[in-house]
Amino acid sequence: TDRLYAEGRQLKERLRLAAEEAQRKADDDPELTFRPEVSVATREIAARVSVARGGTDLWTAQHEEARRRELAHAHLAMLYAQEAQREETFAPRLSRATVRLAHNARRAASAPRERRPAAGGRSSARDY
């Protein structure tokens with residue numbers, strides 16, 4: 001996210017410089033006669049929006065909001081993991097025979113037909 005923030009800032013600077021250059025060219029061109037004026041009311045609205053955002057530009061405000069959300073998400077994930085760890089207390093003890101049976105059952109589906117355990121659940125010594 002920091003890389004994206006830095007790229008956004010660079011893009012914003014390039015756009016500002018391009019706008020300034022376009023304005024200089026427009027000021028020098030006698031064919032361009034339209035000169036719009038921003039009303040006082042519009043300036044006041046823009047100033048209120050800027051103050052509401054804490055006086056920061058849009059790029060900074062979005063970066064700060066994304067960072068805040070990222071930290072909140074990480075904090076919630078940690079809390080959920082701690083809660084799950086407290087609740088997950090079941091730890092069965094498995095005998096060697098059960099472990100061997102589970103191993104053979106997992107292996108049976110993917111093993112070649114000649115290496116699969118017999119129908120009774122017993123397998124040859126070479127399977128171990």
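## Close-up views of a predicted four-helix chain

**View 1. Glu-31 counts as exposed, with a relative accessibility of 66%.** That value earns the label because exposed means over 50% relative accessible area. Keep in mind that this is a predicted model. Glu-31 sits in the loop between helix 1 (2-28) and helix 2 (40-52). Who joins Glu-31 in the negative surface patch? Asp-27, Asp-28 and Asp-29 do, and together with Glu-31 they make up the patch.

**View 2. The whole chain, before zooming in again, has 4 helices and 0 strands.** Reading from the N terminus, the elements go α-α-α-α. There are 128 residues here, and 9% of them count as buried. The chain exposes about 11400 Å², with carbon and sulfur atoms supplying 58% of that area. What about contacts between residues that are at least 6 apart in sequence? Of these, 47% join residues at least 24 apart. As for charge pairs, the structure holds 8 salt bridges, and a few of them get their own views below.

**View 3. Glu-7 and Arg-3 pair up through their side chains in a salt bridge.** The N to O distance is 2.9 Å. Both residues belong to helix 1, and they are 4 residues apart, or about one turn of the helix. How open are the two partners? Arg-3 is exposed, with a relative accessible area of 57%. Glu-7, at 37% relative accessibility, counts as partly exposed, because partly exposed covers the range between under 20% (buried) and over 50% (exposed).

**View 4. Glu-13, Arg-16 and Glu-20 are tied together in a network of salt bridges.** Look at the link between Glu-20 and Arg-16: how far apart are the closest N and O atoms? They are 2.4 Å apart. These two residues also lie in helix 1, spaced 4 residues apart, about one turn of the helix. Glu-20 is partly exposed, at a relative accessible area of 33%. Arg-16 is partly exposed too, with a value of 38%.

**View 5. Ala-26 is a buried residue of helix 1.** Its relative accessibility is 18%, so it falls under the 20% cut-off for buried. Which residues does Ala-26 touch, once its neighbours within four places in sequence are set aside? The answer is Leu-32 and Arg-35.

**View 6. His-63 is a buried residue in helix 3 (residues 58-87).** The relative accessibility of His-63 is 18%, and it counts as buried because the limit is under 20%. Leave out the neighbours within four places in sequence, and the contacts of His-63 are Thr-1, Asp-2 and Tyr-5. To place two of these partners, helix 1 spans residues 2-28.

**View 7. Ala-66 of helix 3 can be viewed together with Thr-1.** Along the chain, Ala-66 and Thr-1 are 65 residues apart. In space, how much separates their C-alpha atoms? The separation is 8.2 Å. Thr-1 also turns up among the contacts of His-63. Ala-66 itself is partly exposed, with a relative accessible area of 37%.

**View 8. Arg-69 and Glu-65 form a salt bridge within helix 3.** Their side chains meet at 2.9 Å, N to O. The two residues are 4 apart, about one turn of the helix. Is Arg-69 buried or exposed? Arg-69 counts as exposed, at 54% relative accessibility, because that value is over the 50% cut-off. Glu-65, with a relative accessible area of 28%, is partly exposed.

**View 9. Leu-76, Met-78, Leu-79 and Tyr-80 make a nonpolar patch on the surface.** Together they account for about 410 Å² of accessible area. Take Leu-79 as one of the members: where does it sit? Leu-79 is in helix 3. Its relative accessible area is 36%, so Leu-79 is partly exposed.

Definitions and conventions. Residues are numbered from 1 along each chain as its sequence is written. This is a predicted model: local features need pLDDT of at least 70, side-chain atom pairs count only at pLDDT 80 or more; totals for chains, interfaces and linings use all residues. Side-chain values use heavy atoms; hydrogens and water are left out. Buried means under 20% relative accessible area, exposed over 50%, partly exposed in between (1.4 Å probe, protein chains only). Contact means heavy atoms within 4.5 Å. Patches are made of residues with over 30% relative accessible area and no salt bridge: like charges are joined within 9 Å, nonpolar side chains (Val, Leu, Ile, Met, Phe, Trp, Tyr) within 5 Å. Accessible areas come from the Shrake-Rupley method with a 1.4 Å probe; for residues, only the protein chains shown count as cover. A salt bridge is a side-chain nitrogen of Lys or Arg within 4 Å of a carboxyl oxygen of Asp or Glu. Lys and Arg count as positive and Asp and Glu as negative; His and the chain ends are not counted. The place of a charge is taken as NZ of Lys, CZ of Arg, CG of Asp or CD of Glu.
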